[in-house]
Amino acid sequence: MWIATTIQETRKQRQALAGSVAFVPTMGALHDGHAWLMRAGRQLADHVVVSIFVNPTQFGPNEDFARYPRTINDDLQLCEKAGVAGVFCPEVEEMYPPQDVGCRISLPGLDDILEGKIRPGHFTGVCRVVAKLLNIVGPDIACWGQKDYQQCRVVDAMMRDLAMPIRNVVLPTVREPDGLAMSSRNRYLDAENRRHATGLYKALGVAKAMVEQDGQTDPQIVEDAMRQAMEAHHFAVDYAVIRHPLTLTPLDSIEPRLTRGVVALAAGRLGPVRLIDNMILGRETAKQEE
Ligand code: AMP
């Protein structure tokens, strides 16, 4: 497995790879969720290339950039075990040299809602780093985790708008046995908050049952129930919403026959740790009914 820290070296290694490449961009502190994307990438392409880069431009001034976990030695071992061909792990100066102007990609209506509203500028930073990484690695396929649902929609829209010749594949969220979505930030939950963290998954389960079993069509009623489930587990709720699965716009009613279902998205804070999660509702029902 090659390990490159410069753009030039990464391009050279990429050119030496015969066949197709699947790319898994990460911020490191890798866990089974990341490993799952890498293994999926191996099924989809001849080679998998991973990037490990804690991207400063997607963190707000009061966010956790400085204390984001950095575990590069363990990360490289995990990549090696997952059969990755090469890893690009640049320093900040390599990705953002002083002469950079600070190119901005904006996606009005998509990057300024939900996560983008709570974390202004977050998706501008994500788009900047993703576009640059894609230009450096030159993959055929990019693999993304459904856990970051809005990020998937934002990146997809950017790549479509800019006619980037890369196929996006979204893989399901990998969870702990109690349902908590795996996340690099989970390690910062103390024992009590770790117990309460399942409240996020429970809230999504409540929404799923209301829509799929009870046939609830009023988004407000489902959203209120999600919020209550989170608050019962001491979450300070940032949002708990039902949205259109592609545009992420609010819905007047939950249309049970919407073939793509709807998406329930939730985010909140437990003490110092911020968690997000999501679940598609109604798609299976819709499929069975077709
Ligand atoms: P991150 O390192 O948090 O930027 O994540 C890198 C990629 O891994 C993103 O596409 C995430 O959506 C994905 N990812 C993170 N956690 C999980 C998970 N629990 N299951 C599946 N994919 C995940």
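The following exchange concerns a pair of helices and the surroundings of a ligand in a predicted model.

Me: Why are helix 1 and helix 6 called oblique to each other?
Reply: The axes of helix 1 (residues 7-16) and helix 6 (residues 122-137) cross at roughly 50°. Angles under 35 degrees count as roughly parallel and those of 65 to 115 as roughly perpendicular. The crossing angle of roughly 50° belongs to neither class, and the pair is therefore oblique.

Me: What makes the contact between helix 1 and helix 6?
Reply: The axes come within 8 Å. Helix 1 contributes I7, T10, R11 and R14, while helix 6 contributes K132, N135, I136 and V137. By character, these residues divide into three nonpolar, two polar and three charged.

Me: Which residues come nearest to the ligand?
Reply: They are M27, H34, D148, V174 and M182, out of 16 residues around the ligand. This shell divides into eight nonpolar, six polar and two charged residues.

Me: How do you know that a backbone atom of V174 makes a polar contact with the ligand?
Reply: A polar contact is a pair of N or O atoms within 3.5 Å. A backbone N or O atom of V174 lies 2.8 Å from a nitrogen atom of the ligand, and the pair therefore qualifies. Polar backbone atoms of M27, at 2.9 Å, and of G145, at 3.0 Å, each face an oxygen atom of the ligand.

Me: How much of the ligand does the protein bury?
Reply: Taken alone, the ligand exposes 480 Å², and the protein buries 93% of that.

Me: Which helix gives the most to the shell around the ligand?
Reply: Helix 2 does, with three residues. Strand 2 (21-26) and strand 5 (141-145) each supply at least two.

Terms used: Residues are numbered from 1 along each chain as its sequence is written. This is a predicted model: local features need pLDDT of at least 70, side-chain atom pairs count only at pLDDT 80 or more; totals for chains, interfaces and linings use all residues. Side-chain values use heavy atoms; hydrogens and water are left out. Axes are lines fitted to C-alpha atoms, for helices over the stretch in contact, and angles run from 0 to 180 degrees between N-to-C directions. Helices (H or I, at least four residues) and strands (E, at least two) are DSSP runs, numbered from the N terminus. Angles under 35 degrees count as roughly parallel, over 145 as roughly antiparallel, 65 to 115 as roughly perpendicular and the rest as oblique. Contact means heavy atoms within 4.5 Å. Ala, Val, Leu, Ile, Met, Phe, Trp, Tyr, Cys and Pro count as nonpolar, Asp, Glu, Lys and Arg as charged, and the others, Gly among them, as polar. A residue is near a molecule or strand if one of its heavy atoms lies within 4 Å of it. A polar contact is a pair of N or O atoms within 3.5 Å; within protein, one must be able to donate a hydrogen and the other to accept it, and residues adjacent in sequence count only if both atoms are side-chain atoms. Accessible areas come from the Shrake-Rupley method with a 1.4 Å probe; for residues, only the protein chains shown count as cover.
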